[in-house]
Amino acid sequence: IYQPGRISTSRFADAARAAVETTRGVVLTYGDRPAEALFHADCGGHTASASDVWGGPAVPYLVGESDEVPDDTHRTWQVSLGADRLREALATRTRAELGRRLRDIRVSERDESGRAEAIALVGDHTVTVRGESFRAAVTREFGPQALQSTHFDVTRSGGNFVFNGRGYGHGVGLCQVGAA
C-alpha cells in the first residue's frame, strides 16, 4: 500500500530523490505515446503480462518475466475466509449468481506466471470470473490484506476457504521487491 509519508523515512529516499533529479523533464515513450510505467509491491517471483491480468491486446513492454531474487525474499501469505460471507461479496461485487451456497472455488486457468487467470465459482450454478475481478471483489469486502495477489492456491476447510499465496499486487510492470 502506497504511503506517501514514508518518503522522508525510507532507506530509499535519497536514491528516489536522485532519480527524480536525474530524470527531470524526461518522458519514457513507446512508439509515439507515453509508456505506462506500472509497478506493484511484490511479484512473488514472476511478473505478469498486462494482457493476462486485465485482458485486451498485449503490450510488448508489459510482459511476464521471472525475477532473479531468491524465493524466500518474496512474501507469502495465508487467509481464511468464510464461505457464506464470501458468496455474498461475490454475488454483490461480481454479479455472480451462485445460488444459496458457495460449494467450491477452483482456479480453472493460470497465466504463465502462475497467477489465477480464471476462477470457477461453484454453487447452485457455476460461474467463471477473471482472477483480478475475483481479487478486487474480495479485497473490497475483506480489505487489501485479504487476497494480496492472484498468485494463490485455494482449499476448503469446513465453512471456510483457505487461500495460500505469494506476492502483493497485480504483478504487472516493476516489482518493487525485485528492484530493491
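I began at the hairpin of S5 and S6, which has five residues between the strands, and noted that Gly114 takes a positive phi near 95° there. I keep in mind throughout that this is a predicted model.

Next I looked up how the two strands of that hairpin are joined, and I found seven bridges between strand S5, residues 102–110, and S6, with the two running antiparallel. As one example of this pairing I wrote down Val107, whose bridge partner in S6 is Ile119.

I then followed S6 onward to strand S7, residues 126–130, where five bridges join the two strands, again in an antiparallel arrangement. Here I picked out Leu121, which has Val127 as its bridge partner in S7. S6 and S7 also form a hairpin, with two residues between them.

Why is strand S6 largely enclosed by the rest of the structure? I checked the burial of residues 116–123 and found that eight of the eight are buried, so the strand is largely enclosed; buried here means under 20% relative accessible area.

Finally I stepped back to the whole protein, for which I counted five helices and ten strands. Of its 180 residues, 39% are buried. The C-alpha atoms fill a box of roughly 60 × 35 × 30 Å along the principal axes. Among the contacts with a separation of 6 or more, I noted that 60% come from residues 24 or more positions apart. The protein exposes about 10,600 Å², and carbon and sulfur atoms supply 49% of that area. My last entry concerns the charges, 21 positive and 23 negative, whose mean positions lie 8 Å apart.

Definitions and conventions
Residues are numbered from 1 along each chain as its sequence is written. This is a predicted model: local features need pLDDT of at least 70, side-chain atom pairs count only at pLDDT 80 or more; totals for chains, interfaces and linings use all residues. Side-chain values use heavy atoms; hydrogens and water are left out. Buried means under 20% relative accessible area, exposed over 50%, partly exposed in between (1.4 Å probe, protein chains only). Helices (H or I, at least four residues) and strands (E, at least two) are DSSP runs, numbered from the N terminus. Two strands pair if DSSP finds at least two bridges between them. Contact means heavy atoms within 4.5 Å. Accessible areas come from the Shrake-Rupley method with a 1.4 Å probe; for residues, only the protein chains shown count as cover. Lys and Arg count as positive and Asp and Glu as negative; His and the chain ends are not counted. The place of a charge is taken as NZ of Lys, CZ of Arg, CG of Asp or CD of Glu.
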